[in-house]
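Biologist: Could you take me through one part of this model up close? I'd like to hear about how the copies sit against each other.

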Protein chains: 4
Amino acid sequence: MTAAYELVVELGYPGLSVEGIAARSGTGKQTIYRWWPSKADVLLDALATKADLHIPLDDTGSWAGDLQAFLAASFRVGRMPGVVHILRTLMAQAQIDQEFGQRFRVGFLQRRREALEALVERAAARGDLPAGRTARLVTRVVFGVIWYEVLAADADAGEELIEELVVLLAR
Amino acid sequence: MTAAYELVVELGYPGLSVEGIAARSGTGKQTIYRWWPSKADVLLDALATKADLHIPLDDTGSWAGDLQAFLAASFRVGRMPGVVHILRTLMAQAQIDQEFGQRFRVGFLQRRREALEALVERAAARGDLPAGRTARLVTRVVFGVIWYEVLAADADAGEELIEELVVLLAR
Amino acid sequence: MTAAYELVVELGYPGLSVEGIAARSGTGKQTIYRWWPSKADVLLDALATKADLHIPLDDTGSWAGDLQAFLAASFRVGRMPGVVHILRTLMAQAQIDQEFGQRFRVGFLQRRREALEALVERAAARGDLPAGRTARLVTRVVFGVIWYEVLAADADAGEELIEELVVLLAR
Amino acid sequence: MTAAYELVVELGYPGLSVEGIAARSGTGKQTIYRWWPSKADVLLDALATKADLHIPLDDTGSWAGDLQAFLAASFRVGRMPGVVHILRTLMAQAQIDQEFGQRFRVGFLQRRREALEALVERAAARGDLPAGRTARLVTRVVFGVIWYEVLAADADAGEELIEELVVLLAR
DNA sequence: ATTTAAGCGAGACGGTACGTCTCGTCTTGAA
DNA sequence: TTCAAGACGAGACGTACCGTCTCGCTTAAAT
């Protein structure tokens, strides 16, 4: 079901209406309102279902390796068709719709931040985290760069950015 | 005129309608459409008019000092009432409305990026830019962190983040 | 069960929904659809059950007396709380819902017409029916006046109308 | 404009929706809501516009003649295609929708009643009104019979009913 | 005593229409 | 000639019910 909405999204637009989702998926509008509080939440579920957003947290043996893997996986997901478009839409809705914003921040953004924080803590425990790289700084820089890329960039980021970030944050 | 819209915005909402702006400012809707292609552009103008977004590019003598000044000024602007709300709304609209997105990226985001790039170039010319801090990396990190703060943060950033960033990017 | 719906009606409105009836009576919607083809039919049954609509056809010895008794009984029923409201609703539904209209006309209106016709025939047999008072004319006039009272009147009819009708139709 | 809705009505049903009226007439829904408080009021206007409901009140010289003319004109209007259907729908809505009911009773039913009352008064002044035919009784009987015919009859009334009524009410 | 089946309450489902809202365009009337 | 005021066509919003459709659960009869 969510898969169907995904399609709507890919073709889709901010001319995406609950009306349209219902028509496309062959359901009534009420059914959608029964399960999701807003169309942004449908999108969020669709994103989670369709694009498996799992970012690997396997121990590569070093902080540099872990960070490199994390960034590479993140950019790989972003290269899937439609994903960037959905991410933009979700972040936009989170600004516009207070309540969805809350859900999005807690259920999505914070969760990802925690994943990265776990990596940072592992590095700290391992002892190969350079000085001054607090979990807070690292998450802000990493997710800041990623989201800025998604929301504000005119050109694709490419591999060099990953490399530069790894050098910056892991020496 | 733009000043009046500002007020609308501060009181305002994403329940901000062209209808409402016109009523509040005592003009007809048509008059607004004559001057701005969308209500987001009104907001953008209002932001430029009301909140002087000038970021000082005066030479403080060192890259660390320049960066520190730049960041401090940026966060100071963000602490003005309503500004963060407007920035969020503009970025959201830029995702939703393709054409405004183009104008916003070129006329606003890129312009600020160029300001910071000028600082980086000055540092490079001066010779006190640490290795690996390309203009591209620095702008992405700085604006990434700022925008992430604006769009995604649950708590205020505070001064420490500035300090950490300066240390990170300027040794 | 029908008694419960009656209550719904008395409190009720044309904001009367099958959903509401089911909730109020503590049953499922399906159960109602199992027994009645539409909510109007529920109302019709409720009317028959709750308000005993029996109109006395006992021989009073004269056509004038019979007619007087018939009219008095009819108006008495109409003065029961809720009955007029239900009658209005039923007649309205009969106009809107073709199939219920059929059932209502045959099973309710016609039945009552036949009762009055029997009275007219008794009068004719007795020989005290004034000239020109055919069964058809009498039923149309009597039920016409009653229903016009129910559907269109702004003020209550009162006793004088009965008297005038008796004089008109029975000399 | 109202003429267009008339068409909707003639094809129409209680499957008549504001949505449908708007689509058919090439307007937006809001425009309809701007001008009429409910779709029943649209119908009422359409009836007044399309079917000229003027009932002649010319003096025929006698009460019997006046009444005969009034009844004949009324039945003639009722024989126009669609008119009976609309009348039924309006009366039904008047029962269901309190506020429209008020408007319908005062602006339509009462107005017609007054027209007939004028005839009765003329007859009284002329002196050829039989005893016992008060204005109230006559209007109730005449409109009662007409509306009963419209709302409850299974077969058409025909001319004999007019004749019988004239005899009954004008000797 | 166990099975079978009917009827039940509950309520999700695909739909339709509601009346409200805002959009961006078009039309007036006064200054 | 300009512009405020606001009507207009369009169409999405979220709500309310419609009538149909499973679901388990409870009886009650038939085995």
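By what turn, and with what shift along the axis, can chain B be laid on chain A? And once that's clear, please go through the place where chain D touches chain C.

Modeller: Sure, and keep in mind that this is a predicted model. A turn of 180° with a shift of 0.0 Å along the axis lays chain B on chain A, at an RMSD of 0.1 Å. That's the relation of a two-fold axis. As for the surfaces in that pair, 100% of chain B's interface residues are interface residues in chain A too, so the two copies meet through the same surface.

Now over to chains D and C. Here 36 residues of chain D are in contact with 36 residues of chain C. People often give the size of an interface as the accessible area lost when the parts come together. For chain D and chain C, about 3,500 Å² is buried between them, and 58% of that lies on carbon and sulfur atoms.

There's charge pairing too: the rule finds four salt bridges across the interface of chain D and chain C. One of them joins D:E164 to C:R136, with the closest N and O atoms 3.8 Å apart. On top of that, 10 residue pairs are in polar contact across this interface, both partners being at pLDDT 80 or more.

So what builds chain D's side? Helices α6 (83-96), α7 (98-126), α8 (135-152) and α9 (159-170) of chain D each supply at least two residues to the side touching chain C. The most comes from α8(D), with 13 residues. Sorted by class, that side of chain D has 20 nonpolar, five polar and 11 charged residues.

Conventions: Residues are numbered from 1 along each chain as its sequence is written. Chains are lettered from A and ligands numbered from 1 in the order in which they are written. This is a predicted model: local features need pLDDT of at least 70, side-chain atom pairs count only at pLDDT 80 or more; totals for chains, interfaces and linings use all residues. Side-chain values use heavy atoms; hydrogens and water are left out. Copies are superposed by least squares on the C-alpha atoms of residues with pLDDT of at least 70 in both. Contact means heavy atoms within 4.5 Å. Buried area is the accessible area (1.4 Å probe) that two parts lose on being put together, summed over both. A salt bridge is a side-chain nitrogen of Lys or Arg within 4 Å of a carboxyl oxygen of Asp or Glu. A polar contact is a pair of N or O atoms within 3.5 Å; within protein, one must be able to donate a hydrogen and the other to accept it, and residues adjacent in sequence count only if both atoms are side-chain atoms. Helices (H or I, at least four residues) and strands (E, at least two) are DSSP runs, numbered from the N terminus. Ala, Val, Leu, Ile, Met, Phe, Trp, Tyr, Cys and Pro count as nonpolar, Asp, Glu, Lys and Arg as charged, and the others, Gly among them, as polar.
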